[in-house]
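This report sets out the fold, the packing and the backbone geometry of one protein chain. It is meant to be read alongside the sequence and the coordinates.

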Amino acid sequence: MSGLTCLLLAALLPILACTDDDPGDDTGDPGASPPLADLLDQDALWGRLVALEALATEHGDRLATSAGEAAALDLLRAELQSLGWSVQTQEITWGVPLRTASNLVATSPFGGAAQDPSAPVLLLGAHLDGVRDCAAINDNGTGVAAVLELAQGLSLLDPAPEVSVRVLLFTHEEWGRVGSYRYVQSLDPAQADAIVAFLNVDMLGSKNGFPLVMDGGDLGGEGAEGSEALTEALGQALADAGQPWELLDASTSVDTWAFMDLGIPLAWVFAGGSEDKTEEQAQAWGGTADVPYDVCYHTACDDLDNVDMELVMVLTRAVATVTEGLLQAAAVGGG
Ligand SMILES: [Zn+2]
C-alpha cells in the first residue's frame with residue numbers, strides 16, 4: 001500500500017502500525033498473488049449483468065418479494081457457494097398482506113467469522129432488489145455483480161486474508177431500506193462489535209456518471225471519524241489510479257444508513273443517479289453536462305445498454321484496494 005493510504009488507514013484503525021513506505025511492500029512475497037484490484041475480471045462481472053437481465057426478462061423485474069428477485073438470489077447463492085463461502089438467507093416479512101423476501105448473507109471461507117460470530121469481519125453490501133417493470137441493471141445489478149466479483153477475487157488471494165469478509169445482498173432497499181435495517185437489527189452485541197467496517201456499492205455504471213464517494217464522516221454518529229478516513233481512503237484509491245472523483249453529501253436513502261448506530265466506519269461509492277452531471281465532471285471524465293448521470297434511473301430502460309463498464313471497473317477496483325488495505329490493517333491489529 002502507498003504511504004498515504006497507510007496513513008489514512010492508520011487514522012481509520014489506530015491499531016495499524018505503518019511501516020516505512022517501502023515500494024517493495026506492494027509486491028510482498030514473490031509467490032503471492034497480485035493485489036485484489038488486479039484480480040477482478042470485467043468479463044465475469046459483465047456475465048452476471050447478462051444473467052440478471054435474462055432473469056428480469058423472464059420474470060418482469062427484480063422487485064422485492066418477486067419471483068425475479070428470488071431467482072437472482074438463487075443464482076448468486078450458487079456462485080458464492082461454489083467459491084466455498086458459507087451462505088445463509090435471512091427471511092424478512094412485512095406489510096399487509098404479509099409478504100416475504102430474503103437478504104443473502106455470505107461469509108468467506110477465510111478468517112474465522114464463518115465459525116465464530118465474534119471474529120472480525122468486513123462487510124461488503126449491495127441491494128439486490130429493483131423497481132417494478134425494470135431489469136434494474138445499473139440500479140443495482142452493477143453493485144451486486146461488483147460485490148460478487150470482489151468475492152471471487154478475494155477467493156483467489158494468496159495468501160488468503162486472515163480476516164473474514166461478509167457479502168450482504170439486501171432485499172427491499174427501494175421501498176425504505178427494510179433489508180439492511182432488518183439485518184442490523186438481527187445482530188447481537190458480539191456480532192456488531194466484530195464488524196471492522198461496512199462498504200456499500202449502489203449504481204456503479206451510470207451511463208453519464210462520475211466516480212462519487214459518499215462523505216461517510218458527514219453521517220455523524222460514533223463511527224464518524226472512521227467513516228471520514230474510509231471515505232478518504234476510497235478517494236485516495238481513485239486518485240492513485242489516476243481517476244477523478246468527488247465527495248458526495250451523505251444521504252440517508254441508502255443501505256449504509258442502517259449501520260449508523262453500530263459506530264463502525266461506513267462508506268459508499270456511486271456513479272450518480274437522477275441528478276445532472278456538472279461541467280467540471282464532464283471535463284474530467286467525459287459525458288454530457290446538465291444531463292442526468294443516469295437518464296434511465298428507475299425506468300424500463302435501465303438495462304444492459306445503460307451501463308458504463310469502464311466506470312463500474314474503476315469504482316470496483318477502488319473498493320478492492322480499500323478492502324484489501326482494511327483486511328491487512330485488521331489482521332495486523334488483531335481485529
Ligand atoms: Zn439503488
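The sections below proceed from the overall composition to the cores, the helix pairs and individual residues.

## Overall composition

The structure is a predicted model. The protein contains ten helices and eight strands. Of its 335 residues, 53% are buried. Contacts between residues at least 6 apart in sequence can be divided by separation: 78% of them join residues at least 24 apart.

## Nonpolar cores

The largest nonpolar core comprises 90 residues, and the residues with the most contacts inside it are L122, V147, L169, L234 and V269. Helix 10 (residues 309-332) provides the largest share of this core, with 13 residues. A second core, separate from it, has five residues, among them L63, A64, A101 and V178.

V147 illustrates the contacts of the largest core in more detail, being one of the residues with the most contacts inside it. When residues up to four places away in sequence are not counted, V147 touches L124, A126, V167 and V201.

## Helix 6 and its cover

Helix 6 spans residues 178-185, and its buried residues are V178, G179, S180 and Y183. V178 is also listed in the second core. Which strands contribute to the cover of the buried residues of helix 6? The covering elements include strand 1 (86-94), strand 2 (99-107), strand 3 (121-127) and strand 4 (164-170).

## Packing of helices 3 and 4

Helix 3 (residues 42-59) and helix 4 (residues 67-82) have axes that come within 9 Å and cross at roughly 150°. Because angles over 145 degrees count as roughly antiparallel, helix 3 is classed as roughly antiparallel to helix 4. The crossing of helix 3 past helix 4 is right-handed.

On the side of helix 3, the contact is made by A51, L52, L55, A56 and H59, and on the side of helix 4 by A67, G68, A71, A72 and L75. By class, this contact of helix 3 with helix 4 has eight nonpolar residues, two polar residues and no charged residues. In general, an α-helix has 3.6 residues a turn, so residues three or four places apart point the same way.

## Packing of helices 8 and 10

Helix 8 (residues 224-240) packs against helix 10 at an angle of about 125°, and the two axes are 8 Å apart. The arrangement of helix 8 relative to helix 10 is therefore oblique. Helix 8 passes helix 10 in a crossing that is right-handed.

Helix 8 contributes A233, L234, A237 and L238 to the contact, while helix 10 contributes A318, T321, V322 and G325. The classes represented in the contact of helix 8 with helix 10 are six nonpolar and two polar residues, with no charged residues. L234 is also among the residues with the most contacts inside the largest core.

## Backbone geometry around helix 5

Two cis peptide bonds merit inspection here. The bond from D139 to N140 is cis, with omega near 10°, and N140 is located in helix 5 (residues 137-156). The bond from D158 to P159 is likewise cis, with omega near 5°, and P159 belongs to the loop between helix 5 and strand 4.

The loop between strand 3 and helix 5 holds D133 and A136. D133 has a phi near 55°, a positive value in a residue other than glycine, and A136 also has a positive phi near 55°. Are these residues buried or exposed? D133 counts as exposed because it has 12 C-beta neighbours inside 10 Å. A136 is buried, since 31 other C-beta atoms lie within 10 Å.

## Surroundings of G141

G141 lies in helix 5. This glycine counts as buried because it has 33 C-beta neighbours inside 10 Å, where the cut-off for a buried residue is 20 or more.

Leaving aside neighbours within four places in sequence, G141 is in contact with L49, L52 and A136. L52 also takes part in the contact of helix 3 with helix 4, and A136 is the buried loop residue described above. The C-alpha atoms of G141 and R48 are separated by 8.1 Å, although these residues are 93 residues apart along the chain.

How values were computed. Residues are numbered from 1 along each chain as its sequence is written. This is a predicted model: local features need pLDDT of at least 70, side-chain atom pairs count only at pLDDT 80 or more; totals for chains, interfaces and linings use all residues. Helices (H or I, at least four residues) and strands (E, at least two) are DSSP runs, numbered from the N terminus. Two residues are in contact if their C-beta atoms, placed from the backbone, lie within 7 Å. A nonpolar core is a set of buried Ala, Val, Leu, Ile, Met, Phe, Trp, Tyr and Cys residues joined through C-beta atoms within 7 Å. Axes are lines fitted to C-alpha atoms, for helices over the stretch in contact, and angles run from 0 to 180 degrees between N-to-C directions. Angles under 35 degrees count as roughly parallel, over 145 as roughly antiparallel, 65 to 115 as roughly perpendicular and the rest as oblique. A crossing is left-handed if the near helix is turned anticlockwise from the far one by less than a right angle, and right-handed if clockwise. Ala, Val, Leu, Ile, Met, Phe, Trp, Tyr, Cys and Pro count as nonpolar, Asp, Glu, Lys and Arg as charged, and the others, Gly among them, as polar.
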